[in-house]
Amino acid sequence: MDRRRSDGPGTTADHSAAARPLREPVRNPWLWVAMALVVLAGVPLYLPTGSIRPLVGGVPYWLLISVAATVAFSALTCWVCLRGWNLAEPAEEAARERDAEVRP
Amino acid sequence: MTGLSFSGVSGVLVLGAYAIIMLLIGWWAGRGTTSSSARSYYLAGGGLGFVALFFTLYATQYSGNSIVGYAPEAYRSGFSWWQSVPFMVAVIAVYLLFAPRLYVVAKREGFVTPTDWVRHRFGSGKLIVLVAILMLWGLANYLLEQLVAMGQGIAGLTGATIPYEIGVIAFVLVMLIYSWSGGMRAVALTDVMQGIALLVGVGVLLFGALYLVGGDVAGVTTALADTDPEKVAVPSTTTSVEWLSMIVLIGFGASVYPHAIQRIYAARSERTLKRSLAVMAWMPLLTTAVVFVVGIVGTQIFPGLSEDDSEQLVGMIANEVAGINLFFYLMMILLFGGVVAAIVSTADSALLAFSSVVSRDIYGRYVSPDAPEKRQVLVGKIAGIVAVAILLVIAWNPPGTLYDIFVLKFELIVQLAPVFVLGLYWRRMAAGPAFWGMLAGAVIAGGLTLAGVDDFGGVPGGLVGLAVNVVICVLGSLAVGRPDDHPSEDPLAPEARATAPAS
């Protein structure tokens, strides 16, 4: 669902916001499927109630699964903020550059 | 946290130092601020940079309750309280559903309060009034919780050298003074100091708790598995459903809180906003996860506490740690200073948002629409002081445990989510169904709480209300709305890009 800016530099070496496609997180359905999966993986609904063992380093297996899922949830959310969201930044950067040229 | 004996005069000194630093930051932030402009006063002119925005998001989202309320929850519930970590991550994930587009619209339209979006999207009418009432109710409840916690924290830190009421009044005055003079800029800059104090506090609490058990966390969990297996085992289906429900309830509820939305408006740029949120996605692992470990460790340091006694867990651990030597004593003073700073930082943000809703959405719209902006801001400031005064009277008799109050406010505020999340994307969504859905959701959520019905098989009343709210919104809009009822807010639509200033 990305729409590439026709006026962006578009070179692979350029990692600025203007070079990246315009992106809005809500438009990427797979992203939300992944979000739902990491959230559900962290909730022990699917594990046998009352089970504790095996313990890994004194910690029950199911908590380790939950912790891993939560780390994945944080990582995914962070990644979307930085890579899956690019709406106003190119225009804001361009405006800032114009301002800098006008007021050296 | 009452009845601590480890502190006293040194606690008073630390609190005094915190108060002076806050006042100085507030004074410094207020210099050159034009408090006659609503946007300048309530949103720092929409110019918060990364450091200020990140810390104001952090210090506002994590209150003192995140430490003193969550550690006892972990103590009582056991490992199922790990849910406090994903539900705080969920707040940032839900932001991603609406913040990117709302930021673009808010900058373009010059929004100041969250209600500005609702007015822009749905027009003026009864929906605006309902949104404003729910926001003020939620903010007042949030503020009340902070005032209650503030008194307990200050009395605990000073070993009751400063009585509960005097402590609250002193810190409320400090908060009012710097908020009055510097608005959002002062609130955000004091949040930098307060956020750092909270992080340091959480760190030293963990360090102290681990020291008490010789650093042997595996030993703690193994022992807990033997003595209290139900706290360690895979929880019941009802508890797991509640866990998932809390992720949804707090994710949607906390992200649409008025002060949370105003931080989207206050960001200097999209780059600043998304970087701040990217770091925020990791903060639960550095905050609520740490507090969770402290609560679990507490089960071995103070086994067998009743529910009421366990509420004092953080104070008890701090007392124990402070008794080890002078270094730990000083560390625990820092912890409680951090807790108080966290409470104040959450309270000031809620107060500022409260003032803005009264000033812009009630006074400026219905009482005196012709009033100049300077008078609107002044009315907002005075309304904030009056609200705090009323809440202080209520705070002298704090109701229930802190956690109960926390859940109650989310039950209602989460009913605002559809007008932000659905309203931004679905052009057919109509004001009438949005109003009736929100009202039905709020009545169901509030009614169930009043009736003493906490949940249905783990699903809290607030989520039941939200489900009804969404169904009414969607079915009603399908019935009465038209696909092109509202202009598109899509920033990627060709017409939007054609009019964008720099595209």
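Reader: Which residues of helix H14 of chain B, and how many of them, are buried?

Author: This is a predicted model. In the model, eight of the eleven residues of helix H14 (residues 270-280) of chain B are buried, so the helix is largely enclosed by the rest of the structure. The buried residues of H14(B) are Glu270(B), Thr272(B), Leu273(B), Lys274(B), Ser276(B), Leu277(B), Ala278(B) and Met280(B).

Reader: What covers the buried residues of H14(B)?

Author: The cover includes elements from both chains. Chain A contributes its helices H2 and H3. From chain B come helix H3 (50-61), helix H6 (84-109), helix H13 (258-266) and helix H15 (283-286).

Reader: How many residues does each chain bring to the contact between chains A and B?

Author: Chain A gives 42 residues to the contact and chain B gives 46 residues. On the side of chain A that touches chain B, the elements giving two or more residues are helix H1 (29-42), strand E2 (59-60), helix H2 (61-83) and helix H3 (89-102). H2(A) supplies the largest share of that side, with eleven residues.

Reader: And how do the residues on that side of chain A divide by class?

Author: On the side of chain A that touches chain B, 28 residues are nonpolar, ten are polar and four are charged.

Reader: What confidence values does the predictor give the complex?

Author: The complex has an ipTM of 0.89 and a pTM of 0.89.

Reader: What about each chain, starting with chain A?

Author: The average pLDDT of chain A is 83, and 81% of the residues score at least 70. Over residues 1-13 of chain A the pLDDT is below 50, and this stretch has 20 contacts in the model beyond near neighbours in sequence. For chain B the average pLDDT is 85, with 91% of the residues scoring at least 70. Residues 1-5 of chain B have a pLDDT below 50, and beyond near neighbours in sequence that stretch has 17 contacts in the model.

Reader: Back to chain A: which pattern does it follow along the sequence?

Author: Chain A reads α-β-β-α-α along its sequence. It contains three helices and two strands. Of the 104 residues in chain A, 33% are buried. Among the contacts in chain A with a separation of 6 or more, 66% are between residues 24 or more positions apart.

Reader: Where is the cis peptide bond in chain A?

Author: The cis peptide bond joins Arg53(A) and Pro54(A), with omega at about 10°. Most peptide bonds are trans. Pro54(A) is found in the loop between H1 and strand E1 (55-56) of chain A.

Reader: Is Ala19(A) buried or partly exposed, and why?

Author: Ala19(A) counts as partly exposed, because it has 17 C-beta neighbours inside 10 Å. The residue lies in the segment before H1 of chain A. Ala19(A) and Arg98(A) are 79 residues apart along the chain, and their C-alpha atoms are separated by 17 Å.

Reader: Now chain B: where does Pro235(B) lie?

Author: Pro235(B) lies in the loop between helix H11 (229-232) and helix H12 (237-255) of chain B. Pro235(B) is buried, with 28 other C-beta atoms within 10 Å.

Reader: What is Pro235(B) in contact with, leaving aside its neighbours within four places in sequence?

Author: Pro235(B) is in contact with Pro44(A), Ser80(B) and Ser240(B). Although Pro235(B) and Ser80(B) are 155 residues apart along the chain, their C-alpha atoms are separated by 6.5 Å.

Reader: At what angle do helices H16 and H18 of chain B pack?

Author: Helix H16 (residues 288-301) and helix H18 (residues 313-322) of chain B pack at an angle of about 70°, with their axes 11 Å apart. H16(B) and H18(B) are therefore roughly perpendicular to each other. Their crossing is left-handed.

Reader: Which residues make that contact between H16(B) and H18(B)?

Author: H16(B) contributes Val294(B), Gly295(B), Gly298(B) and Ile301(B), while H18(B) contributes Leu313(B), Ile317(B) and Glu320(B). By class, the contact of H16(B) with H18(B) has four nonpolar residues, two polar and one charged.

Reader: And how far apart are the axes of H9(B) and H19(B)?

Author: The axes of helix H9 (residues 164-212) and helix H19 (residues 326-367) of chain B are 5 Å apart, and the packing angle is about 145°. The crossing of H9(B) and H19(B) is left-handed. Their contact has 21 nonpolar, eleven polar and two charged residues.

Methods
Residues are numbered from 1 along each chain as its sequence is written. Chains are lettered from A and ligands numbered from 1 in the order in which they are written. This is a predicted model: local features need pLDDT of at least 70, side-chain atom pairs count only at pLDDT 80 or more; totals for chains, interfaces and linings use all residues. Two residues are in contact if their C-beta atoms, placed from the backbone, lie within 7 Å. Helices (H or I, at least four residues) and strands (E, at least two) are DSSP runs, numbered from the N terminus. Ala, Val, Leu, Ile, Met, Phe, Trp, Tyr, Cys and Pro count as nonpolar, Asp, Glu, Lys and Arg as charged, and the others, Gly among them, as polar. Axes are lines fitted to C-alpha atoms, for helices over the stretch in contact, and angles run from 0 to 180 degrees between N-to-C directions. A crossing is left-handed if the near helix is turned anticlockwise from the far one by less than a right angle, and right-handed if clockwise. Angles under 35 degrees count as roughly parallel, over 145 as roughly antiparallel, 65 to 115 as roughly perpendicular and the rest as oblique. A residue is buried if 20 or more other C-beta atoms lie within 10 Å of its own, exposed if 12 or fewer, and partly exposed in between; C-beta atoms are placed from the backbone. pLDDT is the predictor's confidence in each residue, from 0 to 100.
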